[in-house]
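Good morning, everyone, and thank you for making the time. Please have the sequence and the model open in front of you, and I will talk us through a few parts of the fold.

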Amino acid sequence: MIHSKRHAEILRLLNEEGTITIASLADRLGVSLETVRRDVKPLTHDGSILKMHGAVSLPAMAGEAPFERRMRENADAKRAIARMVAATIRDGESVMLDTGTTTSFLARELLGHRRLTVVTNSSDIARTLATVNGNKVYMAGGELRSDSGAAFGVSAIDFVSRFSVSHAVISIGAVDALAGLMDYDLEEAEFARMVLSRGQRSVVVTDQSKFGRQGLVRVCGFDGFSELATDRPPPRNIAAALAGAGARISVAFGEDDSR
């Protein structure tokens, strides 16, 4: 079976089963594990499939991978984005962060800052920044989710709505040229929308893998935030939509497309 035909067969099997292990794919296709790993690489790079630990899945069926797994995905890019955003935050300022892998990396980059006031729904971010360097940390209440350790729902939204901060930062799961910011969970999308409304500066942090994806729930259009921080310049259609809405683009790697 030639390379392109194996790609088609992999997609056919995923359409039937949703998620399938690399070992099972190798067995079904009659090829080695190394061959399957090589075959799935271009499919993961173009967003056709999602690669998980020892398995692959269709994006529409997988939604978002569990939090700890996502912390390992594109870690260098997320760390670079976090470092870039942290450099724009000064000691003594107030920051609101939603739960997300890139915002968790940002919390770690903020460990060198002092006297921050931090508002978050993430237990990971709260643990990282509380009780160090004179910080004040306020955490939204509610039931903590088992995968991310974050609180959502009406009580969490009501809690953060009481604050006004210098920097409101959210992590996002999908960026579509027409729909804008999207996520895979209704409560997460509603919480993110509230966070963006509470900052003098509202920043969306996301790596390039989220460009061109469509989530399940719309968070807001490109006019709903002031800045997008990413690792690489976005595709032309997304860059044009951002420019039309007056949103600034900050790029950690490569040429800065800032307005």
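Let me begin with a question: which strands does helix 7 lie across? Before I answer, please keep in mind that what you are looking at is a predicted model. Helix 7 lies across strand 4, which covers 94-97, together with strand 7 and strand 10, and the helix runs at about 135 degrees to strand 7.

Those strands belong to a sheet, so to speak of them properly I should describe that sheet as a whole. It is an open sheet of 7 strands, and if you trace it across you meet them in the order 6-5-4-7-10-12-13, with parallel pairing. At the edges you find strand 6 and strand 13, the latter at 248-251, and each of these pairs on one side only. On average, and with direction ignored, neighbouring strands in this sheet are turned by 20 degrees against each other.

Helix 6 also packs on the sheet, where it touches strand 10, strand 12 and strand 13, and its direction makes about 135 degrees with that of strand 12.

I would like to stay for a moment with strand 10, residues 199-205, which is mostly covered, since 5 of its 7 residues are buried. Towards strand 7, residues 165-171, the pairing is parallel and extends over 6 bridges. Within that pairing, Val165 has Gly199 as its bridge partner, and Ala168 has Ser202. Towards strand 12, residues 227-230, strand 10 again runs parallel, here with 3 bridges, and Val204 stands opposite Leu228 of strand 12. As a general reminder while you look at these strands, side chains in a regular strand alternate between the two faces of the sheet.

Now to the helices, and how they meet one another. Helix 6, residues 75-86, packs against helix 7, residues 101-109, at an angle of about 55 degrees, with the axes 8 Å apart. At that angle helix 6 counts as oblique to helix 7, and the crossing is right-handed. On the helix 6 side the contact includes Ala75, Lys78, Ile81 and Val85, while on the helix 7 side it includes Thr101, Phe105 and Leu106.

A second helix pair can be set beside this one. Helix 2, residues 22-29, and helix 3, residues 33-45, have axes that come within 9 Å and cross at roughly 105 degrees, which makes helix 2 roughly perpendicular to helix 3. Here the contact is made by Ile22, Ala23, Leu25, Ala26 and Leu29 from helix 2, and by Leu33, Val36, Arg37 and Val40 from helix 3.

Finally, the aromatic residues, where the structure holds 4 aromatic pairs. In one of them, Phe152 and Phe191 have ring centres 6.0 Å apart and planes at 85 degrees, so this pair is edge-to-face. The two residues are 39 apart and come from distant parts of the chain, with Phe152 in the loop between strand 6 and helix 9, and Phe191 in helix 10, residues 186-197. Are Phe152 and Phe191 buried or exposed? Both of them are buried.

Another pair, Phe159 with Phe163, is tilted, at 5.3 Å centre to centre and 55 degrees between the planes, and these two form one aromatic cluster with Tyr138.

Technical notes
Residues numbered from 1 in each chain as written. Predicted model: local features only at pLDDT ≥ 70, side-chain atom pairs only at ≥ 80, totals over all residues. Heavy atoms only, no water. Buried < 20%, exposed > 50% of the residue type's maximum accessible area, 1.4 Å probe, protein only. Helix = DSSP H or I, 4+ residues; strand = E, 2+ residues; numbered from the N terminus. Pairing = 2+ DSSP bridges. Phe/Tyr/Trp six-rings, centres within 6.5 Å; stacked < 30°, edge-to-face > 60°. Axes fitted to C-alpha atoms, helices over the stretch in contact; angles between N-to-C directions. Parallel < 35°, antiparallel > 145°, perpendicular 65-115°, else oblique. Left-handed = near helix turned anticlockwise from the far one by under 90°. Contact = heavy atoms within 4.5 Å.
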